[in-house]
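Let us walk through this structure step by step. Keep the sequence and the coordinates at hand.

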Amino acid sequence: MTFEEFIMQARSMGASDIHLTVGAPTVIRVNGELCKFTELSDQVVHRTIVSILSAEQEKLLTEGKDIDFSFELKNGARQRVNVFHQSGRLACSIRLLNAEIPTLVQLGMPKVLLDLAKKRRGLVLVTGPTGAGKSTTLAAMIQHINETRACHIITIEDPIEYRYEQMKATIHQREIGRDVPSFDYALRSALHEDPDVILIGEMRDYETISLAMTAAETGHLVFGTLHTSSAAQTIDRIIDVFPSHAQEQVRTQLANMIQGIIAQTLVPASDNKMRCAAVEVMLGSDAIKNLIRSNKIAQMEITMQGGTMQGMQTIIESLHRLYKAGKITYQTAMEYSNNPAEMEKKMLNG
């Protein structure tokens, strides 16, 4: 079996990820669960991992560096790869990416995300754990802009996951490590490249978050991701990266620029054949902005509950809707709720 056939077999089984480890079974992730895949010898696993590396990447690996990159099969299917050492042996995680960018409707996303994609300036964040579909949601929003607006879009990614065909928009995709050395370097350059929209693959550190806020403050529409599980946690995370003496000013800046936060997670569907996105949506309403300025983040969820007419929803409301539509089970709704007692109350009253 060639490596390409190996990848296509995993794809045919509905896998989202492959884990190759010398000295351990090869496993794939299907609908969020790991299961054993084809039996491969240690020699084959080692040879397979090394075969997808360039000479330069192999050199970096021998120096103890982890390697992040993407590669494309002959049929256009793209993969995101991380190669690393564990217990002195080679290991590799492969994320199997979709070639086609789904629409927000196909993803089952709230309609308000289309409104966020129409904004001309400000900060829109998509958050959630690894594997929650953040990149796909962002790609769908960027593609909607591409289809509807003549503007300049710059994406900064590590690595590039989805390739866009230019439609109404002009799109430049920059990959960390290949086109630019880092997110903060790429962002500094982007501000001199006449962008209307900037996508930041991951807002990892102070420099990137600070520059993203500067870009949003100076009239650009900025999309980004963080590994946070709720809108409130996202606000706290952003503010906490700044020195304590600057945090009051940052709250004011963030309140002025925030357009929305989408916190999502993928939960098992009731048929156990796929997963559904449970989505918390916070919008930059006047009430939300006042809470950010006055450092009353703990009250944000109550405000979101009262903002349903504007398009806001909590994770509990999202799970409840999925349950009422028959898309997930009662047990799943309870398991993924951030407040089981409140979730149970919602179920009884709804």
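A residue counts as buried when its relative accessible area is under 20%. With that cut-off, start at helix α6, residues 183–190, in this predicted model. Helix α6 is mostly covered, with six of its eight residues buried. The six are F183, D184, A186, L187, S189 and A190. What do they pack against? The buried residues of α6 meet three strands, β8 (152–157), β9 (170–175) and β10 (197–200), and also helix α7.

Next, the helix pairs. Two packed helices are described by the angle between their axes and the distance between the axes.

Take α6 with α7. Their axes come within 8 Å and cross at roughly 20°. Angles under 35 degrees count as roughly parallel, so α6 is roughly parallel to α7. The crossing of the two is left-handed. On the α6 side, F183, D184, L187 and R188 make the contact. On the α7 side, E207, T208, L211 and A212 do so. By class, this contact of α6 with α7 holds four nonpolar residues, one polar residue and three charged residues. An α-helix has 3.6 residues a turn, so residues three or four places apart point the same way. F183 and L187 of α6 both take part in the contact, and both are buried.

Helix α7 spans residues 206–217 and also meets helix α9, residues 247–257. Here the axes come within 10 Å and cross at roughly 50°. That angle makes α7 oblique to α9. The crossing of α7 and α9 is left-handed. M213, A216 and E217 of α7 touch V250, Q253, L254 and M257 of α9. The residues of this contact of α7 with α9 divide into five nonpolar, one polar and one charged.

Now follow α9 to another partner, helix α10 (residues 286–293). How do the axes of α9 and α10 cross? They come within 8 Å and cross at roughly 170°. Angles over 145 degrees count as roughly antiparallel, so that label applies to α9 and α10. From α9, the contact takes R251, T252, L254, A255 and N256. From α10, it takes K289, I292 and R293. The contact of α9 with α10 has three nonpolar, two polar and three charged residues. L254 deserves a second look: it takes part in the contact with α7 and in the contact with α10.

The nonpolar cores come next. In soluble globular proteins, nonpolar side chains tend to be buried together. The largest nonpolar core here has 70 residues. Which of its residues touch the most other members? They are F223, L254, I292 and M300. Two of these names are familiar: L254 and I292 are in the contact of α9 with α10. F223 touches A117, V124, L138, M141, I142, I145, V197, I198, L199 and I200, leaving aside residues up to four places away in sequence. Apart from this core lies another, of 26 residues, among them F6, I67, V83 and L96.

Turn to the backbone. Most residues other than glycine have a negative phi, and most peptide bonds are trans. Where are the exceptions to look at? A cis peptide bond joins D158 and P159, with omega about -5°. P159 sits in the loop between β8 and β9. N31 has a positive phi, near 50°. It lies in the loop between β2 (27–30) and β3 (33–36). N31 counts as partly exposed because its relative accessibility is 25%. N295 also has a positive phi, about 55°, although it is not a glycine. Its place is the loop between α10 and α11 (300–305). At 42% relative accessibility, N295 counts as partly exposed.

Two more loops complete the tour. D205 is in the loop between β10 and α7. D205 is partly exposed, with a relative accessible area of 30%. Its C-alpha atom is separated by 34 Å from that of V45, 160 residues apart along the chain. I101 lies in the loop between β6 (89–96) and α4 (112–117). What does I101 touch? Beyond residues up to four places away in sequence, I101 touches A139, A140, Q143, Y162, R163 and Y164. The C-alpha atoms of I101 and G23 are separated by 36 Å, and the two residues are 78 residues apart along the chain.

Definitions and conventions. Residues are numbered from 1 along each chain as its sequence is written. This is a predicted model: local features need pLDDT of at least 70, side-chain atom pairs count only at pLDDT 80 or more; totals for chains, interfaces and linings use all residues. Side-chain values use heavy atoms; hydrogens and water are left out. Axes are lines fitted to C-alpha atoms, for helices over the stretch in contact, and angles run from 0 to 180 degrees between N-to-C directions. Helices (H or I, at least four residues) and strands (E, at least two) are DSSP runs, numbered from the N terminus. Angles under 35 degrees count as roughly parallel, over 145 as roughly antiparallel, 65 to 115 as roughly perpendicular and the rest as oblique. A crossing is left-handed if the near helix is turned anticlockwise from the far one by less than a right angle, and right-handed if clockwise. Contact means heavy atoms within 4.5 Å. Ala, Val, Leu, Ile, Met, Phe, Trp, Tyr, Cys and Pro count as nonpolar, Asp, Glu, Lys and Arg as charged, and the others, Gly among them, as polar. A nonpolar core is a set of buried Ala, Val, Leu, Ile, Met, Phe, Trp, Tyr and Cys residues joined through side-chain atoms within 4.5 Å. Buried means under 20% relative accessible area, exposed over 50%, partly exposed in between (1.4 Å probe, protein chains only).
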